[in-house]
Amino acid sequence: MRSASASAPGKFVVLGEHAVVYGKPAVALAIDRRFRCTVSESSRLLLNGVPDDLSLHPHMSNILKANGVGKISIVTESDLPSGSGLGSSAALSAALSCAVRTMLGKPADEKDVIGEAYDAEFGAQGIGSPMDTSASVHGGGIGVNITCDGEPLWTIERNGNRWDVCDVHAPEMTFVVGYTGIKALTGPLVERVRRYKDRNSFAKDIVDEIGSVTLEGADALRRNDRVKLGKLMTADHKLLSILGVSGPELNRLVDAAAEYSYGAKLTGAGGGGSMIALTDRPEKVCETIRLHGGTPMVVNTGVPGVKAGKTS
Ligand code: PMV
């Protein structure tokens, strides 16, 4: 019986979420929280040992369809709460694609997995950029539509948008994630911003402004200029709030972290999910996040992307 395992990391967005959907720049860093899965041949479709038609798991069924696989056993394990803004569905898509391809003896390097994993994401959500999937697949840091040092890792085009994705080598910095505990679905939030932007020209201006803040921030990140990067992160949070994707819980955690941080903002789709703070005082930020009702996590970056095999 053939079987294979793979894992892929979650991520947080330093700058640029939502605007990246329209081809604006973004920077995301993979984190040391992973999604793992093991697949094996089976006489029926099983998810974590239970028969399942995957109707509630479109990312998974899209990956199976792309590989012409019907009956399979999938066992999953994740360090990433779903709907937390930490890219759990992209990590799932990347890990499952790599595991299934490895089991079938197909090539499963990052360039083989990225297209399939992004198609699964896009098919499930009907909207969205390849930023999350790229961060999960490549690991480390990625920049989208920023000035690349070398050749882009890959270029993806869809619905008139183009995303050139390149490797970003981020210097060592400490980021604390604060999870609100509120699950938020990415698709409806992205759709809400799209409608807003289509109806209001000033919402379109905000999207453009996020793009400019992100380009400046990508430069500050590479130069290790924490003060500048932090200010731009906080500015980005304000712009995202105007777009309507923050909320009282996120604002409370961002405000609370501000005192001990260079800057703080929501990360990912928003509406709940998580915020991040760039800080030299992680203990203080963790304490205040806890005091304000959130769950803090000090995350490490510079981690590998999707890879076949078992990982702890
Ligand atoms: O909340 P997450 O981890 O699914 O991140 C979503 C990021 C968005 O920019 C809001 C959407 C996208 O497809 O880029």
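Which helices each supply at least two residues of the shell around the ligand? Select α4 (131–138) and α5 (186–199): each of them does. Here helices are DSSP runs of H or I with at least four residues, strands are E runs of at least two, and both are numbered from the N terminus.

Before going on, note that this is a predicted model, where local features need pLDDT of at least 70, side-chain atom pairs count only at pLDDT 80 or more, and totals for chains, interfaces and linings use all residues. Residues are numbered from 1 along each chain as its sequence is written, and side-chain values use heavy atoms, with hydrogens and water left out.

Next, pick the ligand and whatever has a heavy atom within 4 Å of it. You get 16 residues, with K11, H18, S129, T186 and A269 the closest.

Now show polar contacts to the ligand (pairs of N or O atoms within 3.5 Å). Click S129: a polar side-chain atom there is 2.6 Å from a ligand oxygen. At T186, a side-chain N or O atom lies 2.7 Å from an oxygen of the ligand. For G87, look at the backbone instead, where an N or O atom is 3.0 Å from a ligand oxygen. Turn on the surface: the ligand alone exposes 390 Å², and the protein buries 95% of that (Shrake-Rupley areas, 1.4 Å probe).

Finally, zoom out to the whole protein chain, with its nine helices and 13 strands. Its C-alpha trace spans about 55 × 40 × 35 Å along the principal axes.

Definitions and conventions. A polar contact is a pair of N or O atoms within 3.5 Å; within protein, one must be able to donate a hydrogen and the other to accept it, and residues adjacent in sequence count only if both atoms are side-chain atoms.
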